[in-house]
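Hello,

Here is the structure I promised to pass on to you. Please have a look at it first, and then read my notes underneath.

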Amino acid sequence: MSGRVVVVGGGVVGLSCAYLLRRAGLDVTVVEMARTGQGTSKGNAGLITPVRAVPVPGPGVMSEGLRSLSRSGSPLYFKPSAMLALGPWLSQFARFCNRPAQQRGVAAMSRLASGVVPAYERLRQSGVGIDLHGLGLLYCFLDDRRIPGALEHLHSVATGDYRRPEVIEGDAMRTLEPALSPAVTAGFVLQEDRFVDPEQVTAALHRAATACGVDVREHETVQGFDVTDAAVRGVRTSDSVLPADHVVLAAGAWTGALTRSLGVRLPMQAAKGYSLAFRPVAMPTHSLFLHDARIAVTPLHDRLRLAGTLEFSGLNRYLDPRRVEAVARSSAPFFAGGLSGRTDEWVGMRPILPDGMPAIGPLRRYPNVVVAAGHSNLGMTLGPATAELVTQHITTGRTPAGFEAFSPARFGA
């Protein structure tokens, strides 16, 4: 098969697309405005969580966000000064914060989530050196009265191969995970979940892609597109014009600006996520979810990464120290001996659409332009599975049955 593909974006989604498209026989160029893997993918928690691959909107989410206006440390935070600019997008988002809309989203996401771990395994088998770790994701509770509600919520929204877990109580939690403090009263394990080191994943994808002939261009910015006969035939960058038979827009939160330059409105918003690292007294053997704090925890070599929050404050890279401090403060009670040696403070732009689901598929106006963005906090989980869909569409011209729900056209794009 011949064909020239320009992939815009060098995160986990873009690199996965580039690698699979090149293996399918196409000539592929990746354009990344900074360095590959150093954007939103870099500070990700690294959880591979098919069970929890659900849309962000749901019952109570808007009311929780509105309550956060006066609490800058809230896990979900709407910045007051950004509310006017966010208003039109939030009104769309609010329409999906109900049970029927959530259930429709869960049904769609379950089809994508079921292929998450197999997609990673296929990358590994093809020679991409990804290390997939895990004994499951251990949910931890300081207040065991929250467990029934958490289990019921998981039961109602879980995707993938979900099996209701058994509750572990008291000292059995510390037998399973000695790094936990006595304040952790109970928990349970989602056995299906795994974790990765995000930087190791993107570095492995970069190496594999370049080894099989992908042209990766870092520190190069897309400045426009050349359009002929309802198709994009060239991508203009800060350094050159790249001929294209197909274009993949996998630029995360910046994808909406790219589609706007084509006259297509895709309501992409940035939701900031924060992470930082510590060196604990004892390193956990599991990845953890600190339920009371809404923080994901991943053991990465000699560091423990803590990641969380969803901050709506517009598209900017400002790191709010209050948010970092809130993550650190709310996590400390879970660990025996506390946490010390804080490092690697980070903020990233999680791309989110009003219904909380990614946009995967061609633009209606320009069918040779395929969007692969809007994964919110699930980019690392869904990246390789998304790339398989993109590759199948570009190489066959067809979208697999059941995945129409992810079309950018659902927003009129």
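Let me begin with Arg 174 and Asp 171, whose side chains form a salt bridge with an N to O distance of 3.6 Å. Please keep in mind that this is a predicted model. The two residues both sit in helix 7, which covers residues 171-176, and because they are three residues apart there, about one helical turn separates Arg 174 from Asp 171. Their surroundings are worth a look too. Arg 174 has 18% relative accessibility and therefore counts as buried, the cut-off being under 20%. Asp 171, at 59%, counts as exposed, since that value is over 50%.

That pair belongs to a longer list: searching the whole structure turns up 20 salt bridges. Some of them join up, and you may enjoy this part. Arg 279, Asp 302, Arg 303 and Asp 344 are linked in a salt-bridge network.

Which partners does Arg 303 meet in salt bridges? One is Asp 302, with 3.9 Å from N to O. Another is Asp 344, where the N to O distance is 2.8 Å. This second pair connects distant parts of the chain: Arg 303 lies in strand 17 (residues 303-312) and Asp 344 in strand 18 (residues 339-352), with their positions 41 residues apart in numbering.

Is Arg 303 buried or exposed? Its relative accessibility is 17%, so Arg 303 counts as buried. Both of the acidic partners just mentioned are partly exposed: Asp 302 has a relative accessibility of 44%, and Asp 344 has a relative accessible area of 36%.

Now to a sheet that you can find elsewhere in the model. Three strands make up an open sheet, ordered 10-11-12, with antiparallel pairing. Its edges are strand 10 (222-228) and strand 12 (241-243), each of which pairs on one side only. On average, neighbouring strands in this sheet are turned by 30 degrees against each other, if direction is ignored.

In general, the strands of a sheet pair through backbone hydrogen bonds, in either a parallel or an antiparallel way. Here, strand 10 and strand 11 (residues 231-237) are paired in the antiparallel sense, over six bridges. If you would like one bridge to look up, take Thr 228, whose partner in strand 11 is Ala 231.

Happy browsing, and do write back with any questions.

Best wishes

Key. Residues numbered from 1 in each chain as written. Predicted model: local features only at pLDDT ≥ 70, side-chain atom pairs only at ≥ 80, totals over all residues. Heavy atoms only, no water. Pairing = 2+ DSSP bridges. Helix = DSSP H or I, 4+ residues; strand = E, 2+ residues; numbered from the N terminus. Axes fitted to C-alpha atoms, helices over the stretch in contact; angles between N-to-C directions. Salt bridge = Lys/Arg side-chain N within 4 Å of Asp/Glu carboxyl O. Buried < 20%, exposed > 50% of the residue type's maximum accessible area, 1.4 Å probe, protein only.
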